[in-house]
Amino acid sequence: MGSLKSSTKILQWSVAAFGFLALALAFSARATLGLVMPIWSQELGWSRSFVSGSAAAALLVMAVVAPFAGRLVDRHGVRSTLTLGLALVGAGCLIVSPTSSAVVFVLAFSGLSALGFGIVATHVVSTAIARQFDTDQGLATGIATSGSTGGQFLIVPLIAAVLTAFSWRWSFLAIGLSCLLLIPLLWRALATKGGPRGEVSRPMPAASLKDDLSAIFHKPAFHVLFWSFSLCGYTTAGVIETHFLPYASFCGFGPVPSAAAYGVLSAVNLVGMVGAGWLTDRMNRVVLLGSIYVLRGLTFLILMNVGASYEMLIVFAVLFGAVDYATVPVTASIVSSHIGLRVMGLAMGLISAGHSLGAAAGAYSGGYIYDLTMRYEWVWLISVALCVGAGLMVFVLRNVPRSLPAAA
C-alpha cells in the first residue's frame, strides 16, 4: 500500500513538473519575438508592425485552437496532448531559425507554432492536474501553471544570452530542440498508471461534442467565468504585456530599467500563482477570485501615477505581479467543481479562448487609444473598470454549487 501511494505521488507531481516545463518552453518561444524584433528590423527589414501583427495573428489562432485542445485532453489525456503541442511548437521554431522569408516566418510561427501554443496552454495543464489530485489540487495547479510566467523569468534570459553570443537564429534553434527533447522524457514519465483519478493518458467517458457543449452552456458558472476571464485577458496579456514597456518609455525610463521592472513583475507573478493555488485549497474560492480582480484594478491607479518615479514603477510591478496570472488556479478549481471534470478541458478551452480574444482587444485598443490621445490615462482607467467589473461578476457565484455535477 505504501509503495502504491508513493508511486501515485510521483506520478501526480510528474504531471505538475512536466506541465511546468512545457508551459515554460511555449511561453518563452512567444516572448522571444519581442527580443528579436529590433534585430529583424535591421537585418531583414521587417517592420515592427509586421512582427506585431504576426504575434496578434498567433493569438487569434490560439483562441480558435484552445477549445479543441481542451477537447483533446478530455478525450486522449495529457500525455498525448502535450506531446502534440510540443512537437508543433518545436517544429515551428526550427523552421523559423534558418529562414529569411517573411511568408515562411508567418506560416511557421503564426501558423504551426501558434497551433502548439494553443495546445501547450494553462487550461490543458490545469485540467490534467484536476484529474490527478484529490488533495492540494489548487497548490499543484498553481505550481504547474506558473511555468507560463516562470519560463519568461528563467528561460528568456538564457535565450537572450544565446542571442547576444551567437545570433537570433540560434535562439529559435535552441527553443525548438528543447521542445523536441522534452517529448520523449514526458512520454516516458507520464506513461505510468496511477493517480486517484486513474491513468494519466486515459480519456474520460466519451460523449458527443454537441452534448458536452450543451452541458457546459447550461451552467451559469461557465458564463460568469468566460466573461470575467475575457476581461482578465484584456487587462493582462492585452494591455500590460503589450503596453507596459512602451508606457515605461513614455514615462522616460530607458530599456534596461524598463526591462528590469518587467522582470520583477514576472518573478512576483510566479510567486503569486503558487500562492493563489495554495489559498484555493484553504479559503472561499469565489471571495479569492473576486478579490484578485478588484485588487488588480486598484494597481492600475498606481500605474497612472508613476510619473517620473522609478520606485512607483517597481511598486506597481510587484503588486500587479502578485495578482496577474493568480486567477488561473482559482478559475480552474471553480470550473472543476461547478462544471465538472468530464468536460473540464473543453470548458477551460472555451474560457481560455475568451481570454485570448480579450487580450487581442486589449493589445489593439491600447495602441488605438494612445494614437488618438497621445496618452495612456484612458487605457488604465478602462482597465480599472473592467477589473472591478470582472470581480463583481465572480461574486455572484457560490463557493460550492447547489448540486455538484455527476462527473465531478
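The legends below describe an overall view and several close-ups of a predicted model.

**Figure 1. Overall fold of the chain, with 16 helices and 0 strands.** The radius of gyration is 20 Å, close to the 22 Å that the globule rule gives for 408 residues, so the chain is as compact as a globular protein of that length. The C-alpha trace spans about 60 × 45 × 40 Å along its principal axes. Of the 408 residues, 53% count as buried. Among contacts between residues at least 6 apart in sequence, 86% join residues at least 24 apart.

**Figure 2. Surface and charge of the chain.** The accessible surface comes to about 16300 Å², and carbon and sulfur atoms account for 70% of this area. There are 22 positive and 13 negative side chains. The centres of these two sets lie 10 Å apart. The structure holds 5 salt bridges, three of which are detailed in the next views.

**Figure 3. Salt bridge between D212 and R71.** The side chains meet at 2.2 Å, N to O. D212 belongs to helix α9 (residues 209-217) and R71 to helix α2 (residues 48-96), so far as sequence goes 141 residues apart. Both D212 and R71 are buried.**Figure 4. Salt bridge between D212 and R342, and the network around D212.** The closest N and O atoms of D212 and R342 are 2.5 Å apart. This pair links distant parts of the chain, with D212 in helix α9 and R342 in the loop between α14 (327-338) and α15 (344-373), 130 residues apart. D212 counts as buried because its relative accessibility is 3%, under the 20% cut-off. R342 has a relative accessible area of 22% and is therefore partly exposed. R71, D212 and R342 are linked in a network of salt bridges.

**Figure 5. Salt bridge between D74 and R131.** The closest N and O atoms of this pair are 2.6 Å apart. D74 lies in helix α2 and R131 in helix α4 (residues 122-132), so the bridge ties together parts that are 57 residues apart in sequence. Both D74 and R131 are buried.

**Figure 6. Surroundings of G138 in helix α5.** Helix α5 covers residues 137-145. G138 has a relative accessible area of 3% and is therefore buried. Leaving aside neighbours within four places in sequence, G138 is in contact with G277, W278, T280, D281 and P329. For one of these contacts, P329, the C-alpha to C-alpha distance from G138 is 5.9 Å, and the two residues are 191 residues apart in sequence.

Conventions:
Residues are numbered from 1 along each chain as its sequence is written. This is a predicted model: local features need pLDDT of at least 70, side-chain atom pairs count only at pLDDT 80 or more; totals for chains, interfaces and linings use all residues. Side-chain values use heavy atoms; hydrogens and water are left out. Helices (H or I, at least four residues) and strands (E, at least two) are DSSP runs, numbered from the N terminus. Buried means under 20% relative accessible area, exposed over 50%, partly exposed in between (1.4 Å probe, protein chains only). Contact means heavy atoms within 4.5 Å. The radius of gyration is taken over C-alpha atoms; the globule rule is 2.2 Å times the number of residues to the power 0.38. Accessible areas come from the Shrake-Rupley method with a 1.4 Å probe; for residues, only the protein chains shown count as cover. Lys and Arg count as positive and Asp and Glu as negative; His and the chain ends are not counted. The place of a charge is taken as NZ of Lys, CZ of Arg, CG of Asp or CD of Glu. A salt bridge is a side-chain nitrogen of Lys or Arg within 4 Å of a carboxyl oxygen of Asp or Glu.
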